[in-house]
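Reader: I should like to learn how the packing features of a protein model are read. May we go through them in order?

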Amino acid sequence: MKYGDLKNSNNQIKYTGKILARNTVYNLFGHISPLFVALIAIPYLIDGMGKERFGVLTMAWIAVGYFSLFDMGIGRATTKFVAEYYAKGYQHKLMGLVKASMFLLLGFGIVMGTILAAITPWLVGDMLNIPEGLQGESATAFYLLSVSLPIALIIAGARGVLESQQRFGVINAIRIPASVATFLIPLMILPFSNTLIPIIGALVLSRLIALGFYLSYCYRGLARLGGNAKMEKEYFKQLLSFGGWLTVCNIIGPLLGSMDRFFIGSLITLSAVVYYATPFDVVTKLFIIPVGIMGVVFPAFSAFSAGEEERLDNLHRRTLNYIIATVAPVAACIITFASPLIDMWLGREFAAQSSLVLQLLAAGVLFSSVTRVAYNAIQAMGRADLPAKLFMIELPIYIGILIFVTERFGIVGTAGLWFTRLFIELAIFAVLYKRVSGRKIFKVNYIVIYFWLIGTLAAAFALSLIPDLYARIASFVVFLAVFGTLVYVNLFDNYDRLIIKDGISRIKRGRLS
């Protein structure tokens, strides 16, 4: 039986390859489509609000995003345990588990919102260097945002329930309008007011409306199952234990990915930060692909971890293949054309400083994208502590080496270290995955994966050395043809090819379901 043929007699959740592929398309579209709206809206917002007000709005978005990380991992834990309970036939426990999750998220949201409100005077008056004339308005905006934190955290929990049920059509039908509203609502208010208070107030109201939709769909499905709605102690223990380790990952992981810019600014110059941060911000947008894929696959991993380890391993292998097939060509394109792309976008001087940085960062993003598969599989199998412990060990070592490399080799050295860390992390997570699964026979061969990644990157770096741009473009087209053929023949099996052919057929007919 294929990994996708799971249909437990005790539940109605299917994890067929077609359903996972369809939901991945939904998820990727849900993550990518708001970016196009942002690209169009942001120039108008800057012009209408002014740079200073828009800067405050941007910092407010960042603050809410950071504080939302402190949900103690309950949102992700909810996804895992709801999917696991479905697979085990524990539907009678689901309502109680979800109520416990929402109770915890509401509590953490209130605590985080209170903390944000308490430090608002310091943020506005000292930390963010907001002009004095804008401080009163900005403080009120931050107070409004502190009210929205419980809403944001409960949305994460409700979305986690829907993810575990593979209801990504519903999720993205809510997510896309909600994300687009983040940019359209300020534009709609601009003709009447360019101040922060009505804009932030309207955004908070839009989140509240989105929460209503999420909760409606979430509880409508659970109510049909019936069962005991009492919040048992075991639910709180499960959610907090698993979620606590996720919180460690959520705090240290972003630090490992962002502290390099801080040290560049403190050890070199602020202009060096620009030469590094600009390509970094661009190339890390590639993470949308693995994030979109893993959002769909994680619930399946969680369901298969409940006694279906062979299917989990099979899905693990397929997910690796799909990420390589989608992310590797884009990363190779960035590496091949890094210099001319930056030259056209930001000028020759910028290209001279940042081209190699962009290439090294793109290589790191490719390895990190692949690593996320084992990382998610380990968490789905209940060992969220292992990635957290690895990050805690890694953090001080990385900081020490980062300081030395940045001082000695500049931003190229920093980018090289970032790539090296992710290169090594893939091997570590591969070992951890095999250790946690405890299986003697694996369908995932990480040695072969390394050959694929290294070969792809070596070819891309070699192509980047071709001096004539037209010859480089022609060579890259040949590379894509060879790469696509090898992936189709060697990485994909007949089942994968059937899914691809079916997807192409559906696209031609103008439908995805």
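Author: Let us begin with the core. This is a predicted model, and its largest nonpolar core has 157 residues. Helix 14 supplies the largest share of this core, 19 residues.

Reader: Which residues have the most contacts inside the largest nonpolar core?

Author: They are Tyr276 and Phe301. For Tyr276, residues up to four places away in sequence are not counted; the partners are then Asp260, Arg261, Ile264, Val357, Leu361, Ile411, Thr414, Ala415 and Trp418.

Reader: Helix 14 has been mentioned as a contributor to the core. At what angle do helix 13 and helix 14 pack?

Author: In general, angles under 35 degrees count as roughly parallel and those over 145 as roughly antiparallel. Helix 13, residues 348-380, packs on helix 14 at about 15°, with the axes 9 Å apart. Helix 13 is therefore roughly parallel to helix 14. The crossing of these two helices is left-handed. Sorted by class, their contact comprises 27 nonpolar, 6 polar and 1 charged residues.

Reader: Are helix 6 and helix 7 roughly parallel or roughly antiparallel to each other?

Author: Here the cut-off of 145 degrees is the one to apply. The angle between helix 6 (residues 168-189) and helix 7 (residues 196-223) is about 170°, and their axes lie 9 Å apart. The two helices are therefore roughly antiparallel, and they cross in a right-handed sense.

Reader: Which residues of helix 6 and helix 7 meet?

Author: Helix 6 contributes, among others, Val170, Ile174, Ala178, Ile185 and Ile189, while the residues from helix 7 include Ile199, Ala202, Phe213, Tyr214 and Tyr217. The full contact divides into 16 nonpolar, 2 polar and 1 charged residues.

Reader: How should one read the angle of about 45° between helix 3 and helix 10?

Author: An angle that falls in none of the parallel, antiparallel or perpendicular ranges counts as oblique. Helix 3 (residues 74-88) and helix 10 (residues 288-304) pack at about 45°, their axes being 7 Å apart. These helices are therefore oblique to each other, and helix 3 passes helix 10 in a right-handed crossing. On the side of helix 3 the contact is made by Arg76, Thr79, Lys80, Ala83, Glu84 and Ala87; on the side of helix 10, by Phe298, Pro299, Ser302 and Ala303. This contact has 5 nonpolar, 2 polar and 3 charged residues.

Reader: Let us turn to single residues. Is Gln166 buried or exposed?

Author: Burial is read from the relative accessible area: under 20% means buried, and over 50% means exposed. Gln166 has a relative accessible area of 7%, so this residue is buried. Gln166 is placed in the loop between helix 5 (132-164) and helix 6. Its backbone also deserves attention: Gln166 has a positive phi of about 60°, although it is not a glycine.

Reader: What is the relative accessible area of Met392?

Author: The value is 39%, so Met392 is partly exposed. Met392 belongs to helix 14, which spans residues 385-437.

Reader: With which residues is Met392 in contact, leaving aside neighbours within four places in sequence?

Author: Its contacts are Trp245, Val248 and Ile252. For the pair Met392 and Val248, sequence and space may be read side by side: the two are 144 residues apart in sequence, yet their C-alpha atoms are 8.2 Å apart.

Key:
Residues numbered from 1 in each chain as written. Predicted model: local features only at pLDDT ≥ 70, side-chain atom pairs only at ≥ 80, totals over all residues. Heavy atoms only, no water. Axes fitted to C-alpha atoms, helices over the stretch in contact; angles between N-to-C directions. Helix = DSSP H or I, 4+ residues; strand = E, 2+ residues; numbered from the N terminus. Parallel < 35°, antiparallel > 145°, perpendicular 65-115°, else oblique. Left-handed = near helix turned anticlockwise from the far one by under 90°. Contact = heavy atoms within 4.5 Å. Nonpolar A, V, L, I, M, F, W, Y, C, P; charged D, E, K, R; others polar. Buried < 20%, exposed > 50% of the residue type's maximum accessible area, 1.4 Å probe, protein only. Core = buried A, V, L, I, M, F, W, Y, C linked by side-chain atoms within 4.5 Å.
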